[in-house]
Amino acid sequence: MKSISILGSTGSIGTQTLDIVRENPGLYRVEALSCGKNTALLAEQIREFKPKFAAVSDEAEAQKLAGVFPNVTFFSGESGLVSAVCEADCDMVVNALVGMVGLSPTYHALEKGKTVALANKETLVAGGSIIMDKAAEKGINILPIDSEHSAVFQCLQGYDRAQVSRIILTASGGPFRGKSFDELAEVTVEQALDHPNWNMGNKITIDSATMMNKGFEVIEARWLFDIPESRIDVVVHPESIIHSLVEYEDHAVMAQLGLPDMKIPISLALSYPKRLKNDMERLDLAAVGSLTFEKPNMDTFKCLKLAYDVLKAGGTYCTALNAANEVCVAAFLAGKIRFTAIQETLAEIIELHKSSEKADLQEVLRIDNETRKITGEILRRREK
């Protein structure tokens, strides 16, 4: 029986992970759970899965839950996530957190020698070199949960990575595929959250609408698969059937296909190197009919180009980009700024950023905090 800890257990990835645990009795034991504000759902999960540890954002909520569940040790705040990871006797940590808050728990999970199943993009975007260096030091493979990186991971199995010519990440194009930059000026929050294919949390859905999500995936791919940005391409594939591709030096191209269901890559990460049977809908290519592809429009979706630019620049530019994006997306969701102000602000932040060529965990956290303050000041000038 594999013991797992799930950070972000009440979110989209977290709840689907628990669905898989529930559907495979006897295979997994839940050691720790965490949530932000949805403590009501967390309480239900604790009753069902009986973890030994749990973490929540608010200390008062942690104390309240501790009174209800005396057999569970509760932690609070960002440090509580690290404590839950370090204290839990688990084989695997599933990081389903959203945002920079996922970086430190990932680092400490690796430090403790635990396998990490990673759905938290910001971990590698902000601290890619730190995380991959730690994984190499401990001899641990990070198992990707993002559908695109899971697809690449699967296409690499059994082949020499030195023979990879390029990685091709697919993108749905989001809700504004085919739009011009000017047409995006009056986009509403509701329109941006209306993703055509995937059911995700608000932050990731907005990132998909700006294509920052795909930019972050390019950065992630660089670190996960040790390949430069010049050999990572993006192609828009609105059907979301092909989840990504790998081209080898003989020009053979491997692809992983499936219906857009996150339980497939989650299941693989939990069971690797085996696969779990399930009763999910099967892909019917005849019913799909045809698959289409097009180049991404980087004149409209400037965030994607910006991701390539900061990755090429190196240093801590990616850290600054991630921090500024989190602040901008939160401001847009709160109705304070226009949709196009997100990418305009990100470009300004990168122009202002003074990069550190060598950064440890503490330096990355310092830059993150500093960039958030600067971004907030810029956004106050851009408020509607």
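# Cysteines, strands and a cavity

Biologist: Is Cys 318 buried or exposed in this model, judged by its relative accessible area?
Modeller: The relative accessible area of Cys 318 is 8%, and a residue counts as buried under 20%, as exposed over 50% and as partly exposed in between, with a 1.4 Å probe and protein chains only. The model is predicted, so local features need pLDDT of at least 70 and side-chain atom pairs need 80 or more, while totals for chains, interfaces and linings use all residues. Residues are numbered from 1 along each chain as its sequence is written, and side-chain values use heavy atoms, without hydrogens or water. With its 8%, Cys 318 is therefore buried.

Biologist: Why does Cys 318 form no bond with the closest cysteine sulfur?
Modeller: A disulfide is a pair of cysteine sulfur atoms within 2.5 Å. The closest cysteine sulfur to that of Cys 318 belongs to Cys 303, and it is too far for a bond because the distance is 13 Å.

Biologist: Which cysteine holds the sulfur closest to that of Cys 90?
Modeller: Cys 90 is buried as well, at a relative accessible area of 7%, and the count of disulfides by this rule comes to zero. The sulfur of Cys 90 forms no bond because 9.8 Å, which is too far, separates it from the closest cysteine sulfur, that of Cys 86.

Biologist: Which residues of strand 3 are buried on its two faces?
Modeller: Helices (H or I, at least four residues) and strands (E, at least two) are DSSP runs, numbered from the N terminus. Strand 3 covers residues 53-56, and both of its faces are covered. The buried residues are, on one side, Phe 53 and Ala 55 and, on the other, Ala 54 and Val 56.

Biologist: How many bridges join strand 3 to strand 4?
Modeller: Two strands pair if DSSP finds at least two bridges between them, and strand 2 (residues 28-34) runs parallel to strand 3 with three bridges. One bridge there links Ala 32 to Phe 53, and Phe 53 also has a bridge partner in strand 4, namely Thr 73. Strand 4 (residues 73-76) likewise runs parallel to strand 3, and the bridges between them number four.

Biologist: Which helix lies in the crossover from strand 2 to strand 3?
Modeller: A crossover is right-handed if, with the strands pointing away from the viewer, the path from the first strand over the helix to the second runs clockwise. Strand 3, helix 3 (residues 59-68) and strand 4 make one right-handed β-α-β unit. The chain's path from strand 2 to strand 3 is also a right-handed β-α-β crossover, and it passes through residues 39-49, which form helix 2.

Biologist: How far apart in space are Gly 67 and Ala 323?
Modeller: Gly 67 belongs to helix 3 and counts as exposed, with 63% relative accessibility. In sequence, Gly 67 and Ala 323 are 256 residues apart, while in space their C-alpha to C-alpha distance is 36 Å.

Biologist: Which element gives the most residues to the lining of the largest cavity?
Modeller: A cavity is a set of points on a 1 Å grid where a 1.4 Å probe fits but cannot get out, and lining residues have an atom within 4 Å of a point. The lining of the largest cavity includes Ser 147, Gln 154, His 243 and Ile 264. Two elements, helix 7 (147-156) and helix 11 (263-271), give two or more residues to this lining. The element that gives the most, with three residues, is helix 7.

How values were computed: 1 Å grid on protein atoms, 1.4 Å probe; cavity = no way out; pocket = protein on both sides within 12 Å on 5 of 7 lines; lining within 4 Å.
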